[in-house]
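Here are a few short exercises to work through with the structure open beside you. Try each task before you read its solution.

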Amino acid sequence: MTGTSDCGPNRIDRRKFLKASGGTVAGIGAISIGSGTVAAHFPAELDIDIKPGCDKNPVNPSSRGVIPVAVHQTEDFDPTTEGVRYRFGAPDTVEDGGGARPSHDGHREDVNGDGTTDLVLHFPVEETGFDSEDSEGKLLWERDEAGEHGLSGSDEVTIVGP
């Protein structure tokens, strides 16, 4: 049974359906060192959910509030054990080195009901760089303090407001 609200608790989660029917793909990266090759196993991307519990993920760029973003734990990545070095916002803004930093270290919660603990972060809207042309939000995790080797994930947003 589905709810009538975009943010209701009884909605069908498109992401869960796709994962259950299609599986998850993991990426393998290889680094050549001298004559040998060292393989490193990294997830293809972060599994995120902007505004957990909402299908349309409404974002008002003029808001002075925060946007919750869940980083789901996967077989390849546990956000609850890694450093909180994230940037979030409009894809162009994040790719250019900008975006909002989380307003705190987040809280741990199983937001998608899969039995694993996810990390929920809150980002100040005014620092995200969203505008009326955006239809997706991007979250970048920086592997180290210099911002190297970041993993990222994205989710759809609906821009609302004036």
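## Exercise 1: Asparagine 57

Classify asparagine 57 as buried, partly exposed or exposed, then say where it sits and what its phi angle looks like.

Solution. Asparagine 57 has a relative accessibility of 1%. Buried means under 20%, so asparagine 57 counts as buried. Next, find its place: this is a predicted model, and in it asparagine 57 belongs to the loop between strand 3 and strand 4. Last, check the backbone: phi of asparagine 57 is near 50°, which is a positive value in a residue other than glycine.

## Exercise 2: Lysine 51

Work out which loop holds lysine 51 and what its phi is.

Solution. Start with the strands: strand 3 covers 48-50 and strand 4 covers 58-59, and lysine 51 is in the loop between them. Then look at the backbone angle. Phi of lysine 51 is near 50°, and here too the value is positive in a residue that isn't glycine.

## Exercise 3: The whole chain

Describe the protein chain by its helices and strands, its burial and its contacts.

Solution. Count the elements to begin with: the protein chain has 2 helices and 11 strands. Put in sequence order, they read α-β-β-β-β-β-β-α-β-β-β-β-β. Now turn to burial: the chain has 162 residues, and 33% of them count as buried. For the surface, about 9,200 Å² is exposed, with carbon and sulfur atoms supplying 48% of that. Finish with contacts: among those with a separation of 6 or more, 57% link residues 24 or more positions apart.

## Exercise 4: Arginine 108

Decide how exposed arginine 108 is, and list its contacts beyond four places in sequence.

Solution. First locate arginine 108: it's in strand 7. Its relative accessibility is 48%. Partly exposed covers the range between under 20% and over 50%, so arginine 108 counts as partly exposed. Leaving out neighbours within four places in sequence, arginine 108 touches Thr80, Thr117, Asp118 and Leu119. As for leucine 121, it is 13 residues from arginine 108 in sequence, and their C-alpha atoms are 9.1 Å apart.

## Exercise 5: A charged patch

Find the residues that form a negative surface patch, and take a closer look at aspartate 96.

Solution. The negative patch is made of Asp92, Asp96, Asp131 and Glu133. Aspartate 96 lies in the loop that runs between helix 2 (91-95) and strand 7 (107-109). Its relative accessible area is 70%. Exposed means over 50%, so aspartate 96 is exposed.

How values were computed: Residues are numbered from 1 along each chain as its sequence is written. This is a predicted model: local features need pLDDT of at least 70, side-chain atom pairs count only at pLDDT 80 or more; totals for chains, interfaces and linings use all residues. Side-chain values use heavy atoms; hydrogens and water are left out. Patches are made of residues with over 30% relative accessible area and no salt bridge: like charges are joined within 9 Å, nonpolar side chains (Val, Leu, Ile, Met, Phe, Trp, Tyr) within 5 Å. Accessible areas come from the Shrake-Rupley method with a 1.4 Å probe; for residues, only the protein chains shown count as cover. A salt bridge is a side-chain nitrogen of Lys or Arg within 4 Å of a carboxyl oxygen of Asp or Glu. Lys and Arg count as positive and Asp and Glu as negative; His and the chain ends are not counted. The place of a charge is taken as NZ of Lys, CZ of Arg, CG of Asp or CD of Glu. Helices (H or I, at least four residues) and strands (E, at least two) are DSSP runs, numbered from the N terminus. Buried means under 20% relative accessible area, exposed over 50%, partly exposed in between (1.4 Å probe, protein chains only). Contact means heavy atoms within 4.5 Å.
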